[in-house]
Amino acid sequence: MIKKGTWITIESVVLKAAERAHNLPADTQKTDLKKWVKGYLEEDGLIGSFVTVKTTTGRLEHGILTEANPSFDVNYGSYVPELKKICEQVRGLL
Amino acid sequence: MKNAKDMSYAALMARRSDIMKSSLGIDYETYERGSIAFDYEAMMGFGGYTFEDVRRIQQNSAVGDTPLIELKNITALMRNSAKPGKGARIFIKDEAGNPSGSFKERRASISCHHAKKMGFKGVIAATSGNYGAAVAAQAARYGLKCIVVQECYDSNKTGQPEIIEKARKCEALGAEVIQLSVGPELFYVFLALLEETGYMNASLYTPFGIAGIETLGYEIAEEIKKKYGRFPDAVVCTHAGGGNLTGTARGLLHAGADKTVVIGASVDLTGLHMASDVNFNQKSFTTGHTGFGMPFATNPDRSDVPRSAGRPLRYMDKYFLITQGEVFYMTEALAVLEGLERGPAGNTSLAAAFSIAREMDEDEILVVQETEYTGAGKHPQAQLSFARENDIDIKFGNPKDSVPGKSIIFPDSPDKIQAIEQDLTRLRKSLIKNKTAGYSLGNITPEDISFLADETKTDEVFVRVCLEELSKV
């Protein structure tokens with residue numbers, strides 16, 4: 001159970017595939033337009049349940065609870081040996 | 001439910017015009033002229049901010065006056081492959097020095113100042129780029145609430161590392177971030193939020209969004225003139241939505257640099273559809289590319305305001321494309337030869353400049369007009385390893401053999417960095433075709449002809465010949 005007041009992410013469908021604009025590429029046309037919003041959980045809830053959050057600007061948004069205490073996992077990726085080669089090449093030419 | 005508005009896609013889009021008017025305070029209809037013309041300069045005067053006002057607003061919010069740095073080592077590297085007497089000096093305007101790390105803060109500063117002045121409680125911007133952080137930073141300074149709407153994930157919720165980093169930065173600066181899967185209906189979400197909150201539309205394409213960049217062109221002209229006694233011979237701008245080049249060129253003209261050649265540069269992503277769920281994560285550049293650069297050049301009013309203030313073909317003298325591999329290569333060179341870890345997307349203009357400067361005389365001066373911050377996710381290593389995970393073939397060779405979405409090819413030597421010049425006449429004709437679609441020759445007024453000449457930096461003869469050609473098709 002995720003407690004009321006926890007910072008969470010919700011997912012919702014803005015437009016179902018059939019409701020989407022008609023000028024989309026075929027691959028996109030088959031998908032729903034999804035939205036992810038973060039906020040404070042308004043009532044206790046479970047992952048996967050339909051909940052309401054209060055966002056940073058104080059708005060209420062509704063959707064499926066997907067994650068509690070969401071963090072960012074961006075990083076510098078795996079080693080890319082070519083970048084080291086570029087470094088050696090350009091320095092070697094000067 | 002009492003007074004519940006119809007939020008269906010069609011109903012909300014039908015309210016678009018009213019939402020735009022109340023969220024901007026600009027009545028675009030007052031600028032309309034002729035059949036297709038509008039008074040661009042009158043629109044640019046909206047809000048009544050003079051150039052000096054814009055400078056003062058920016059100086060009060062720590063924006064602008066960034067260092068202009070001569071890239072002596074990169075110039076030397078470029079001259080290795082230049083003919084005798086050739087190879088212009090390359091300078092770069094280190095716009096990463098703005099509070100949120102990019103030139104976009106120049107644009108945000110005026111919008112946020114105006115929002116505060118007009119009593120809006122907050123601002124909303126639709127952007128997956130640096131502009132989100134710029135608006136968040138300036139909103140923070142002005143005590144405004146801020147919502148940033150991003151296209152961020154494919155339908156499996158796999159995100160572009162570069163865009164996720166920008167979401168992080170927006171949140172770090174106190175903004176609310178709304179993330180969407182791929183698709184142009186982001187505009188629907190954006191409109192719904194404007195209607196719900198009553199916040200100001202801090203679009204990139206309002207007159208404020210462009211006036212804010214004029215200071216950048218002006219600073220470049222003034223600083224080069226002060227140090228070297230003349231204006232720069234060429235300025236290269238990364239071109240996507242058109243605002244960067246438009247504002248920079250207007251600033252150069254404001255300083256009197258009317259002989260400076262204004263050059264646009266975009267990353268070539270030909271073949272990748274910008275609204276494709278599958279293609280979304282096959283590209284390693286989320287801005288500065290042809291997916292925006294071509295359509296926004298030839299049809300600037302496809303933006304999120306009725307009339308875009310970013311109108312690049314009014315100012316562009318030359319336009320070059322460069323590949324993803326070449327930009328990554330130059331990003332690495334900038335770090336290891338000049339000690340400037342920046343970009344990568346903002347280095348699109350640098351990569352093109354490396355090739356353009358090679359053909360210029362050695363006593364000429366070329367300025368690359370921006371850098372941007374780099375960080376986790378938004379970094380060559382993060383983006384290239386993400387590309388590898390998405391089965392993109394990454395190798396050395398001839399960059400011209402690369403296929404966007406399939407391969408990224410680093411030049412196997414710097415002389416292989418070759419920006420490809422585009423046919424501006426073709427783009428200008430395309431703009432005229434787009435603007436006159438649905439009109440017969442008889443409906444096009446002399447005012448329209450004059451407008452189209454301004455829109456394409458040509459003359460009325462060019463426009464008339466083009467219209468004749470179109471009428472025969």
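**Exercise 1. Which residues does Val149(B) touch, not counting residues up to four places away in sequence?**

Solution. The model is predicted: local features need pLDDT (the predictor's confidence in each residue, from 0 to 100) of at least 70, side-chain atom pairs count only at pLDDT 80 or more, and totals for chains, interfaces and linings use all residues. Residues are numbered from 1 along each chain as its sequence is written, chains are lettered from A and ligands numbered from 1 in the order in which they are written, and side-chain values use heavy atoms, with hydrogens and water left out.

Step 1. Contact means heavy atoms within 4.5 Å. Under the stated sequence exclusion, Val149(B) touches Ile124(B), Ala125(B), Ala126(B), Thr127(B), Ile178(B), Leu180(B), Leu186(B), Val189(B), Phe190(B) and Leu193(B).

Step 2. Place Val149(B) in its core. A nonpolar core is a set of buried Ala, Val, Leu, Ile, Met, Phe, Trp, Tyr and Cys residues joined through side-chain atoms within 4.5 Å; buried means under 20% relative accessible area, exposed over 50%, partly exposed in between (1.4 Å probe, protein chains only). The largest such core has 112 residues, and Val149(B) is listed with Val123(B), Val135(B) and Val189(B) as having the most contacts inside it. A second, separate core of 51 residues includes Ile322(B), Met330(B), Ile408(B) and Phe410(B).

**Exercise 2. Give the strand order of the open sheet of 7 strands in chain B, and describe its edges and the helices on it.**

Solution. Helices (H or I, at least four residues) and strands (E, at least two) are DSSP runs, numbered from the N terminus. Two strands pair if DSSP finds at least two bridges between them.

Step 1. The order is S3-S4-S12-S9-S10-S11-S15, with mixed pairing.

Step 2. S3 (68–70) and S15 (420–421) each have a single partner strand, so one side of each is left without a neighbour in the sheet. S3(B) pairs with S4 (residues 89–93) in the antiparallel sense over 3 bridges, and Ile69(B) has Ile92(B) as its bridge partner in S4(B).

Step 3. Helix H13 (residues 324–338) of chain B packs on the sheet, touching S3, S10 (261–267) and S11 (318–322), and makes about 90° with the direction of S11(B). Helix H14 (residues 348–359) of chain B lies across S4, S9, S10, S11 and S12, at about 145° to S9(B). Axes are lines fitted to C-alpha atoms, for helices over the stretch in contact, and angles run from 0 to 180 degrees between N-to-C directions.

**Exercise 3. Is Met316(B) buried or exposed?**

Solution.

Step 1. Met316(B) lies in the loop between helix H12 (290–298) and S11 of chain B.

Step 2. Its relative accessibility is 0%, so Met316(B) counts as buried.

Step 3. Leaving aside neighbours within four places in sequence, the contacts of Met316(B) include His239(B), Leu245(B), Val262(B) and Lys457(B). Lys457(B) comes just after H17(B) and takes a positive phi of about 50°.

**Exercise 4. How many residues of chain B are in contact with chain A?**

Solution.

Step 1. On the chain B side there are 64 residues, in contact with 42 residues of chain A.

Step 2. The buried area (accessible area, 1.4 Å probe, that two parts lose on being put together, summed over both) is about 4400 Å², of which carbon and sulfur atoms give 64%.

Step 3. In chain B, Glu176(B), Glu185(B) and Gln381(B) lose the most area to chain A, together 13% of what that side buries.

Step 4. For confidence, the predictor gives the complex an ipTM of 0.97 and a pTM of 0.96.
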